[in-house]
Amino acid sequence: KAKDEGRNVLRFFDPAMQTTLDERIGLERDLRLALDLGQFTPFYQAQVDREGRVLGAEVLLRWQHPERGMVSPAEFIPLAEATGLILPIGQWVLESACRQIDHWSGNDRLQHVRLAVNVSAREFRQPDFVDQVKHVLSETGADPARLRLELTESMVLEDVGGTFEKMEALKQLGIGFALDDFGTGHSSLAYLTRLPLDTLKIDSSFVFNLPDSHNDAVVAQTIISMARSLGLNVIAEGVETEAQRDFLALNHCHVYQGYLFSRPVPLEDFEKFCAASLEN
Ligand code: C2E
Ligand code: MG
Ligand code: MG
Ligand code: MG
(Lines give C-alpha, C1' and ligand atoms only; values in the text may rest on other atoms or scores of the structure.)
(Ligands and ions follow the chains in the order given, each with its own letter.)
Protein backbone atom coordinates (compact mmCIF):
# COMPACT_ATOMS: atom_id res chain seq x y z
CA LYS A 1 0.00 0.00 0.00
CA ALA A 2 2.67 2.46 1.11
CA LYS A 3 4.68 1.46 -1.92
CA ASP A 4 1.75 2.19 -4.19
CA GLU A 5 1.26 5.59 -2.63
CA GLY A 6 4.93 6.30 -2.96
CA ARG A 7 4.71 5.56 -6.61
CA ASN A 8 1.72 7.84 -7.02
CA VAL A 9 3.43 10.69 -5.21
CA LEU A 10 6.47 10.31 -7.40
CA ARG A 11 4.34 10.33 -10.50
CA PHE A 12 2.43 13.38 -9.33
CA PHE A 13 5.57 15.44 -8.86
CA ASP A 14 7.16 14.44 -12.10
CA PRO A 15 7.20 17.86 -13.81
CA ALA A 16 6.74 16.38 -17.27
CA MET A 17 3.67 14.49 -16.11
CA GLN A 18 2.34 17.62 -14.44
CA THR A 19 2.65 19.57 -17.68
CA THR A 20 0.82 16.85 -19.54
CA LEU A 21 -1.89 16.88 -16.91
CA ASP A 22 -2.31 20.69 -17.01
CA GLU A 23 -2.34 20.51 -20.76
CA ARG A 24 -5.02 17.87 -20.70
CA ILE A 25 -7.17 19.74 -18.20
CA GLY A 26 -6.86 22.89 -20.30
CA LEU A 27 -7.79 21.08 -23.47
CA GLU A 28 -10.71 19.39 -21.76
CA ARG A 29 -12.02 22.71 -20.46
CA ASP A 30 -11.82 24.19 -23.95
CA LEU A 31 -13.41 21.12 -25.52
CA ARG A 32 -16.42 21.53 -23.23
CA LEU A 33 -16.99 25.01 -24.66
CA ALA A 34 -16.10 24.28 -28.27
CA LEU A 35 -19.55 23.16 -29.36
CA ASP A 36 -21.33 26.21 -27.95
CA LEU A 37 -18.67 28.54 -29.32
CA GLY A 38 -19.11 27.13 -32.81
CA GLN A 39 -15.49 26.01 -33.11
CA PHE A 40 -16.23 22.73 -34.90
CA THR A 41 -16.43 22.40 -38.66
CA PRO A 42 -17.18 19.26 -40.63
CA PHE A 43 -14.64 18.63 -43.39
CA TYR A 44 -15.41 16.31 -46.29
CA GLN A 45 -13.02 13.88 -47.90
CA ALA A 46 -14.07 12.51 -51.28
CA GLN A 47 -14.44 8.81 -51.99
CA VAL A 48 -13.95 8.29 -55.71
CA ASP A 49 -14.31 5.53 -58.27
CA ARG A 50 -11.87 4.47 -61.02
CA GLU A 51 -12.93 7.35 -63.24
CA GLY A 52 -12.43 9.82 -60.43
CA ARG A 53 -16.14 10.40 -59.96
CA VAL A 54 -17.18 11.26 -56.43
CA LEU A 55 -19.41 8.58 -54.93
CA GLY A 56 -19.43 9.98 -51.46
CA ALA A 57 -17.43 11.59 -48.72
CA GLU A 58 -16.31 10.85 -45.21
CA VAL A 59 -17.16 13.56 -42.72
CA LEU A 60 -14.08 14.38 -40.64
CA LEU A 61 -14.44 16.80 -37.77
CA ARG A 62 -12.14 19.77 -37.35
CA TRP A 63 -11.70 21.89 -34.24
CA GLN A 64 -10.55 25.47 -34.75
CA HIS A 65 -9.08 26.41 -31.37
CA PRO A 66 -8.65 30.17 -30.79
CA GLU A 67 -5.02 29.83 -29.62
CA ARG A 68 -3.86 26.42 -30.75
CA GLY A 69 -5.20 26.68 -34.28
CA MET A 70 -6.53 23.52 -35.85
CA VAL A 71 -6.49 20.66 -33.35
CA SER A 72 -6.28 17.19 -34.88
CA PRO A 73 -9.09 14.70 -34.22
CA ALA A 74 -6.36 12.22 -33.27
CA GLU A 75 -5.86 14.49 -30.25
CA PHE A 76 -9.36 15.62 -29.31
CA ILE A 77 -11.52 12.61 -30.25
CA PRO A 78 -9.87 10.33 -27.64
CA LEU A 79 -10.35 13.11 -25.07
CA ALA A 80 -13.97 13.55 -26.12
CA GLU A 81 -14.46 9.79 -25.78
CA ALA A 82 -12.84 9.67 -22.33
CA THR A 83 -14.93 12.58 -21.00
CA GLY A 84 -18.24 11.64 -22.61
CA LEU A 85 -18.21 14.88 -24.63
CA ILE A 86 -18.27 12.66 -27.70
CA LEU A 87 -22.01 12.22 -27.13
CA PRO A 88 -23.09 15.83 -27.83
CA ILE A 89 -20.28 16.23 -30.38
CA GLY A 90 -21.26 13.06 -32.24
CA GLN A 91 -24.89 14.12 -32.23
CA TRP A 92 -23.86 17.45 -33.73
CA VAL A 93 -21.80 15.78 -36.47
CA LEU A 94 -24.68 13.45 -37.35
CA GLU A 95 -27.14 16.33 -37.49
CA SER A 96 -24.87 18.39 -39.66
CA ALA A 97 -24.31 15.47 -42.06
CA CYS A 98 -28.04 14.78 -42.31
CA ARG A 99 -28.81 18.44 -42.89
CA GLN A 100 -26.21 18.42 -45.66
CA ILE A 101 -27.70 15.32 -47.28
CA ASP A 102 -31.11 16.95 -47.29
CA HIS A 103 -29.63 20.15 -48.66
CA TRP A 104 -28.12 18.32 -51.63
CA SER A 105 -31.32 16.47 -52.53
CA GLY A 106 -32.75 17.83 -55.75
CA ASN A 107 -29.31 19.05 -56.86
CA ASP A 108 -28.33 16.93 -59.90
CA ARG A 109 -24.65 17.22 -59.15
CA LEU A 110 -24.76 16.39 -55.48
CA GLN A 111 -27.85 14.36 -54.63
CA HIS A 112 -26.08 11.04 -55.27
CA VAL A 113 -23.30 11.80 -52.78
CA ARG A 114 -23.30 9.56 -49.72
CA LEU A 115 -21.95 10.84 -46.44
CA ALA A 116 -20.08 8.57 -44.05
CA VAL A 117 -20.07 9.57 -40.39
CA ASN A 118 -17.67 8.09 -37.82
CA VAL A 119 -19.39 6.71 -34.75
CA SER A 120 -17.46 6.06 -31.53
CA ALA A 121 -18.08 3.02 -29.36
CA ARG A 122 -19.42 5.20 -26.59
CA GLU A 123 -22.04 6.73 -28.90
CA PHE A 124 -23.10 3.44 -30.40
CA ARG A 125 -23.39 1.81 -26.97
CA GLN A 126 -26.12 4.22 -25.85
CA PRO A 127 -29.33 2.23 -25.41
CA ASP A 128 -31.30 4.86 -27.33
CA PHE A 129 -28.79 5.32 -30.17
CA VAL A 130 -31.23 4.00 -32.79
CA ASP A 131 -33.95 6.39 -31.62
CA GLN A 132 -31.50 9.29 -31.70
CA VAL A 133 -30.64 8.53 -35.31
CA LYS A 134 -34.33 8.18 -36.24
CA HIS A 135 -35.01 11.52 -34.62
CA VAL A 136 -32.22 13.26 -36.52
CA LEU A 137 -33.43 11.73 -39.79
CA SER A 138 -36.98 12.91 -39.27
CA GLU A 139 -35.90 16.37 -38.08
CA THR A 140 -33.66 16.92 -41.09
CA GLY A 141 -35.62 14.98 -43.71
CA ALA A 142 -32.40 13.30 -44.90
CA ASP A 143 -32.65 10.21 -47.11
CA PRO A 144 -31.23 7.40 -44.92
CA ALA A 145 -29.89 5.67 -48.04
CA ARG A 146 -27.40 8.53 -48.40
CA LEU A 147 -26.08 8.02 -44.87
CA ARG A 148 -23.39 5.54 -43.93
CA LEU A 149 -22.09 4.97 -40.43
CA GLU A 150 -18.46 3.96 -39.90
CA LEU A 151 -17.89 1.55 -37.04
CA THR A 152 -14.69 -0.14 -35.93
CA GLU A 153 -14.01 -3.80 -35.36
CA SER A 154 -13.31 -3.44 -31.66
CA MET A 155 -16.61 -1.73 -30.89
CA VAL A 156 -18.53 -4.27 -32.89
CA LEU A 157 -16.91 -7.12 -30.96
CA GLU A 158 -17.40 -5.41 -27.62
CA ASP A 159 -21.10 -6.19 -27.43
CA VAL A 160 -22.02 -8.69 -30.07
CA GLY A 161 -25.74 -9.00 -29.37
CA GLY A 162 -26.42 -5.30 -28.84
CA THR A 163 -24.44 -4.29 -31.90
CA PHE A 164 -26.23 -6.73 -34.12
CA GLU A 165 -29.67 -5.55 -33.02
CA LYS A 166 -28.87 -1.87 -33.44
CA MET A 167 -27.30 -2.41 -36.83
CA GLU A 168 -30.31 -4.39 -38.01
CA ALA A 169 -32.71 -1.69 -36.83
CA LEU A 170 -30.71 1.05 -38.57
CA LYS A 171 -30.34 -1.02 -41.70
CA GLN A 172 -34.12 -1.37 -41.82
CA LEU A 173 -34.24 2.41 -42.13
CA GLY A 174 -31.93 2.21 -45.15
CA ILE A 175 -28.69 3.27 -43.48
CA GLY A 176 -25.46 1.60 -44.61
CA PHE A 177 -22.47 0.51 -42.52
CA ALA A 178 -18.76 0.55 -43.20
CA LEU A 179 -16.23 -1.23 -41.04
CA ASP A 180 -13.44 1.33 -40.57
CA ASP A 181 -9.69 0.65 -40.23
CA PHE A 182 -10.30 -2.92 -41.27
CA GLY A 183 -7.45 -5.29 -40.57
CA THR A 184 -6.09 -3.41 -37.57
CA GLY A 185 -8.43 -4.93 -34.99
CA HIS A 186 -8.94 -8.51 -34.03
CA SER A 187 -12.08 -9.52 -35.81
CA SER A 188 -13.72 -12.81 -35.57
CA LEU A 189 -14.26 -13.35 -39.27
CA ALA A 190 -17.12 -15.78 -38.72
CA TYR A 191 -18.88 -13.16 -36.72
CA LEU A 192 -18.20 -10.39 -39.22
CA THR A 193 -20.04 -12.24 -41.94
CA ARG A 194 -23.23 -12.10 -39.86
CA LEU A 195 -23.24 -8.32 -39.52
CA PRO A 196 -25.33 -6.24 -41.92
CA LEU A 197 -22.30 -4.40 -43.31
CA ASP A 198 -22.11 -2.98 -46.79
CA THR A 199 -18.50 -1.81 -46.91
CA LEU A 200 -15.05 -2.70 -45.61
CA LYS A 201 -12.46 0.06 -45.44
CA ILE A 202 -8.89 -1.18 -45.86
CA ASP A 203 -6.86 0.63 -43.25
CA SER A 204 -4.32 3.11 -44.58
CA SER A 205 -1.48 1.27 -42.80
CA PHE A 206 -1.80 -1.53 -45.38
CA VAL A 207 -2.01 0.91 -48.27
CA PHE A 208 0.95 3.04 -47.30
CA ASN A 209 3.67 0.62 -48.43
CA LEU A 210 1.95 -0.69 -51.54
CA PRO A 211 3.00 -2.04 -53.90
CA ASP A 212 6.53 -2.68 -52.56
CA SER A 213 5.74 -4.41 -49.30
CA HIS A 214 4.94 -8.02 -50.04
CA ASN A 215 3.19 -8.52 -46.70
CA ASP A 216 0.96 -5.49 -47.08
CA ALA A 217 0.18 -6.50 -50.64
CA VAL A 218 -0.99 -9.89 -49.40
CA VAL A 219 -3.10 -8.32 -46.65
CA ALA A 220 -4.70 -5.87 -49.09
CA GLN A 221 -5.40 -8.61 -51.64
CA THR A 222 -6.88 -10.83 -48.94
CA ILE A 223 -9.18 -8.11 -47.62
CA ILE A 224 -10.33 -7.23 -51.13
CA SER A 225 -11.07 -10.79 -52.14
CA MET A 226 -12.81 -11.50 -48.86
CA ALA A 227 -14.99 -8.41 -49.26
CA ARG A 228 -15.84 -9.40 -52.80
CA SER A 229 -16.71 -12.95 -51.79
CA LEU A 230 -18.99 -11.61 -49.08
CA GLY A 231 -20.64 -9.22 -51.51
CA LEU A 232 -19.30 -6.15 -49.70
CA ASN A 233 -17.94 -2.96 -51.17
CA VAL A 234 -14.36 -2.14 -50.36
CA ILE A 235 -12.80 1.28 -49.98
CA ALA A 236 -9.05 1.80 -49.68
CA GLU A 237 -8.09 4.55 -47.23
CA GLY A 238 -4.99 6.70 -47.37
CA VAL A 239 -4.32 6.39 -51.10
CA GLU A 240 -1.56 8.91 -51.80
CA THR A 241 0.15 7.68 -54.96
CA GLU A 242 -0.72 6.49 -58.45
CA ALA A 243 1.24 3.31 -57.77
CA GLN A 244 -0.94 2.49 -54.77
CA ARG A 245 -4.10 3.21 -56.72
CA ASP A 246 -2.93 1.11 -59.68
CA PHE A 247 -2.09 -1.84 -57.46
CA LEU A 248 -5.50 -1.63 -55.79
CA ALA A 249 -7.32 -1.31 -59.13
CA LEU A 250 -5.44 -4.29 -60.54
CA ASN A 251 -6.61 -6.24 -57.51
CA HIS A 252 -10.24 -5.21 -57.98
CA CYS A 253 -10.57 -2.47 -55.39
CA HIS A 254 -12.39 0.31 -57.20
CA VAL A 255 -13.20 2.93 -54.59
CA TYR A 256 -10.52 5.11 -53.06
CA GLN A 257 -10.10 7.77 -50.43
CA GLY A 258 -6.86 9.65 -49.98
CA TYR A 259 -4.69 12.66 -50.62
CA LEU A 260 -4.10 11.53 -54.22
CA PHE A 261 -7.67 12.65 -54.92
CA SER A 262 -8.45 15.14 -52.20
CA ARG A 263 -7.62 15.97 -48.62
CA PRO A 264 -10.50 16.51 -46.21
CA VAL A 265 -11.76 20.00 -47.16
CA PRO A 266 -14.46 22.49 -46.16
CA LEU A 267 -17.91 22.23 -47.74
CA GLU A 268 -17.45 24.76 -50.56
CA ASP A 269 -14.22 23.11 -51.70
CA PHE A 270 -15.81 19.68 -51.63
CA GLU A 271 -18.74 20.88 -53.72
CA LYS A 272 -16.33 22.40 -56.25
CA PHE A 273 -14.39 19.14 -56.35
CA CYS A 274 -17.62 17.24 -57.11
CA ALA A 275 -18.53 19.65 -59.89
CA ALA A 276 -15.05 19.40 -61.43
CA SER A 277 -15.06 15.59 -61.22
CA LEU A 278 -18.27 15.49 -63.30
CA GLU A 279 -16.65 17.49 -66.07
CA ASN A 280 -14.03 14.83 -66.79
P1 C2E B 1 -10.63 7.58 -39.78
O2 C2E B 1 -12.10 7.50 -39.62
O3 C2E B 1 -9.92 6.31 -40.09
O4 C2E B 1 -10.39 8.69 -40.89
C5 C2E B 1 -9.36 8.64 -41.86
C6 C2E B 1 -8.18 9.49 -41.46
O7 C2E B 1 -7.15 9.36 -42.44
C8 C2E B 1 -8.51 10.98 -41.41
O9 C2E B 1 -7.71 11.56 -40.38
C10 C2E B 1 -8.02 11.47 -42.78
O11 C2E B 1 -7.73 12.85 -42.81
C12 C2E B 1 -6.77 10.63 -42.94
N13 C2E B 1 -6.38 10.47 -44.33
C14 C2E B 1 -7.19 10.36 -45.42
N15 C2E B 1 -6.49 10.18 -46.54
C16 C2E B 1 -5.20 10.20 -46.19
C17 C2E B 1 -3.96 10.07 -46.93
O18 C2E B 1 -3.94 9.91 -48.16
N19 C2E B 1 -2.80 10.14 -46.22
C20 C2E B 1 -2.80 10.31 -44.86
N21 C2E B 1 -1.61 10.37 -44.25
N22 C2E B 1 -3.93 10.44 -44.13
C23 C2E B 1 -5.12 10.38 -44.79
P24 C2E B 1 -8.30 12.66 -39.40
O25 C2E B 1 -9.22 13.57 -40.14
O26 C2E B 1 -7.15 13.25 -38.67
O27 C2E B 1 -9.17 11.80 -38.37
C28 C2E B 1 -8.56 10.86 -37.53
C29 C2E B 1 -9.57 9.97 -36.86
O30 C2E B 1 -10.39 10.73 -35.96
C31 C2E B 1 -10.55 9.32 -37.83
O32 C2E B 1 -9.96 8.19 -38.44
C33 C2E B 1 -11.69 8.98 -36.89
O34 C2E B 1 -11.43 7.78 -36.21
C35 C2E B 1 -11.65 10.13 -35.90
N36 C2E B 1 -12.69 11.11 -36.24
C37 C2E B 1 -12.65 12.17 -37.09
N38 C2E B 1 -13.83 12.82 -37.13
C39 C2E B 1 -14.64 12.15 -36.28
C40 C2E B 1 -16.02 12.33 -35.84
O41 C2E B 1 -16.75 13.21 -36.31
N42 C2E B 1 -16.51 11.44 -34.92
C43 C2E B 1 -15.73 10.43 -34.41
N44 C2E B 1 -16.29 9.61 -33.50
N45 C2E B 1 -14.46 10.23 -34.78
C46 C2E B 1 -13.93 11.07 -35.71
MG1 MG C 1 -13.59 6.73 -40.65
MG1 MG D 1 -10.10 4.70 -41.09
MG1 MG E 1 -10.97 5.26 -37.34
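Reader: How many helices and strands does the chain have?

Author: In this predicted model, the chain carries 13 helices and nine strands.

Reader: What makes you call the chain as compact as a globular protein of that length?

Author: Take the radius of gyration, which is 20 Å, and set it against the globule rule, which gives 19 Å for 280 residues. The two values are close, so the chain counts as compact as a globular protein of that length. Along the principal axes, the C-alpha trace spans about 65 × 45 × 40 Å. As for burial, 46% of the 280 residues count as buried.

Reader: Which residues are the protein donors of the magnesium ion (ligand 2)?

Author: E58 (OE), N118 (OD1), E150 (OE) and D180 (OD), at 2.0 to 2.2 Å from the ion. A donor has to be an N, O or S atom within 2.8 Å of the metal, so these oxygens pass. Their spacing in sequence reads E-x59-N-x31-E-x29-D. Distant parts of the chain get linked this way: E58 belongs to strand β2 (residues 54–65) and N118 to strand β4 (residues 114–118), 60 residues apart.

Reader: What does D180 bridge?

Author: D180 bridges the magnesium ion (ligand 2) and the magnesium ion (ligand 3), and the two ions lie 4.1 Å apart.

Reader: Why is E58 called buried?

Author: Buried means under 20% relative accessible area. E58 comes out at 3%, so it's buried.

Reader: And why does N118 count as partly exposed?

Author: N118 has 28% relative accessibility, which falls between the 20% and 50% cut-offs, so partly exposed is the label.

Reader: What is unusual about a positive phi or a cis bond?

Author: Most residues other than glycine have a negative phi, and most peptide bonds are trans.

Reader: Where is the cis peptide bond?

Author: The cis bond joins L210 and P211, with omega at about -5°. P211 sits in the loop between α10 (204–207) and α11 (214–229).

Reader: Which strand holds D181, and what is its phi?

Author: D181 is in strand β6 (residues 176–182). Its phi is positive, about 55°, although D181 is not a glycine. At 26% relative accessible area, D181 lands between 20% and 50%, so it is partly exposed.

Reader: How do you know that H252 is partly exposed?

Author: By the same cut-offs: H252 has 41% relative accessibility, over 20% but under 50%, so it counts as partly exposed. H252 lies in the loop between α12 (242–250) and β9 (255–256), and its phi is positive too, near 70°.

How values were computed: Residues are numbered from 1 along each chain as its sequence is written. Chains are lettered from A and ligands numbered from 1 in the order in which they are written. This is a predicted model: local features need pLDDT of at least 70, side-chain atom pairs count only at pLDDT 80 or more; totals for chains, interfaces and linings use all residues. Side-chain values use heavy atoms; hydrogens and water are left out. Donors are N, O and S atoms within 2.8 Å of the metal (3.2 Å for Na, K and Ca); water is not among the atoms, so sites may look incomplete. Helices (H or I, at least four residues) and strands (E, at least two) are DSSP runs, numbered from the N terminus. Buried means under 20% relative accessible area, exposed over 50%, partly exposed in between (1.4 Å probe, protein chains only). The radius of gyration is taken over C-alpha atoms; the globule rule is 2.2 Å times the number of residues to the power 0.38.
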